[in-house]
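Okay, thanks everyone for coming. I'll walk you through one structure today, so have a look at the screen and then we'll go piece by piece.

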Amino acid sequence: MISFRKSRFRLALATALGLFAATPSIAQETAPARPAMWKIADKDTTIYLFGTIHILPEDTHWFTGPVKDAFDSSDLLVTETNTDSPESLQKLFIEKGMRADGTSLRASLPPEERAAFEKALSGMGLPTEAFDPFEAWYAGLLLSLLPLKAAGFDKANGVETLIDAKAAEEHKARKALETPEYQIELFDGMPVDSQNRYLGEVLDQLPTLREDVAKVVTAWKAGRADELARLLNEDESDEAMRKAFITDRNATWAKWLEARMEEPGTVFVAVGAGHLAGEGSVQDQLAKAGIKATRVQ
């Protein structure tokens with residue numbers, strides 16, 4: 001059973017990783033992955049729903065079979081957000097992630113949490129003052145990325161990086177469901193106490209982060225949507241955070257999909273796998289509107 005603290009950390013991390021820019025890397029492995037994919041369709045519209053992982057090990061080969069066919073047949077690629085301008089995105093992160101109250105991050109933390117924070121930084125070979133200029137949420141995200149990068153998990157190997165590059169090469173039309181500003185505001189808009197709790201959860205999670213993310217990737221590669229829901233979403237007992245990061249976004253995306261069904265064409269929609277799994281998923285939201293999603297991989 002995944003603890004509440006781990007679950008909340010994961011759903012936030014899953015959202016954030018989609019925002020970090022990368023250079024595409026197409027890797028190969030002996031056995032192709034078979035991640036889950038669904039479709040909704042009527043007489044003149046087909047929309048594929050593909051659950052993504054924003055970071056993957058280099059040896060992951062998933063762009064094959066039904067997924068490749070669905071992507072190749074589509075007229076439009078839809079992703080969570082657009083990260084085509086890394087410079088603008090970096091500027092936005094700095095604007096939102098830097099502290100503006102004249103204090104340091106460590107000075108704002110309770111003594112016990114500050115000690116754990118400094119110990120974690122020292123364990124990574126970083127100066128204890130390295131994250132002093134940052135808000136707690138931004139420090140948490142950066143701390144999360146360091147061990148994953150060291151373990152070979154990279155945005156350069158992530159699903160969005162590859163399909164964004166392919167869409168650009170093929171001059172395929174593209175659309176984002178959300179702006180980077182909106183996604184960053186999910187974090188920056190959290191109350192200070194929530195941000196500090198999130199940072200604390202990151203610190204708790206660091207010792208097992210590689211193993212925990214590897215479990216998520218393994219379930220994704222095998223197409224085990226129910227297991228992904230359990231790992232990413234189902235133990236999330238903070239209703240406010242679940243609503244902001246999952247439920248509200250799923251409902252908004254489902255409304256967009258319902259409206260898009262009125263237009264002819266083939267659409268490939270790629271969003272985080274946690275949004276296409278478990279109670280309150282995009283498919284559940286579509287079902288409320290009488291639209292059935294059929295699994296095709």
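**Starting from the sheet**

So, this is a predicted model, and I'd like to begin with its open sheet, where six strands line up as β6-β4-β7-β2-β1-β8 with mixed pairing. At the edges you've got β6, residues 173-176, and β8, residues 294-295, each of them pairing on one side only.

Let's go inside that sheet for a second. Strand β4, residues 76-79, runs parallel to β7, residues 265-272, and four bridges join the two. If you want one to click on, take Val-78: its bridge partner in β7 is Val-269.

Okay, zooming out. In total the chain has 13 helices and eight strands. It's 297 residues, and 55% of them count as buried. The exposed area comes to about 13,200 Å², with carbon and sulfur atoms supplying 52% of it. And here's a number I like: take the contacts between residues at least 6 apart in sequence, and 84% of those join residues at least 24 apart.

Now a helix. What's the end-to-end distance in α9, and does it agree with what the 14 residues should span? Well, α9 covers residues 192-205, and at 1.5 Å a residue it should span 20 Å; the end C-alpha atoms are 20 Å apart, so that agrees. This helix is mostly covered, too, with ten of its 14 residues buried. Among them are Tyr-198, Leu-199, Val-202 and Leu-203, but also polar ones such as Gln-195, Asn-196 and Glu-201.

Speaking of glutamates, please find Glu-160, over in helix α7, residues 159-169. Is Glu-160 buried or exposed? Its relative accessibility is 8%, and the cut-off for buried is under 20%, so Glu-160 counts as buried. What does its side chain meet in there? There's a polar contact of 2.5 Å with the side chain of Thr-52. Beyond its neighbours within four places in sequence, Glu-160 is in contact with Thr-52, Ile-53, His-54 and Thr-79. Thr-79 should ring a bell, since β4 is residues 76-79.

Last thing: confidence. The mean pLDDT of the chain is 86, and 87% of the residues reach 70 or more. But over residues 1-11 pLDDT stays under 50, and the model has 41 contacts beyond four places in sequence for that stretch. Residues 20-29 also stay under 50, with 28 such contacts. Where pLDDT is low, the predicted coordinates shouldn't be read in detail.

Okay, that's me. Over to you.

Definitions and conventions:
Residues numbered from 1 in each chain as written. Predicted model: local features only at pLDDT ≥ 70, side-chain atom pairs only at ≥ 80, totals over all residues. Heavy atoms only, no water. Buried < 20%, exposed > 50% of the residue type's maximum accessible area, 1.4 Å probe, protein only. Contact = heavy atoms within 4.5 Å. Areas by Shrake-Rupley, 256 points an atom, 1.4 Å probe, with all protein chains shown as cover. pLDDT = per-residue confidence, 0-100. Expected span 1.5 Å × (residues − 1). Polar contact = N/O pair within 3.5 Å; in protein donor to acceptor, adjacent residues only side chain to side chain. Pairing = 2+ DSSP bridges.
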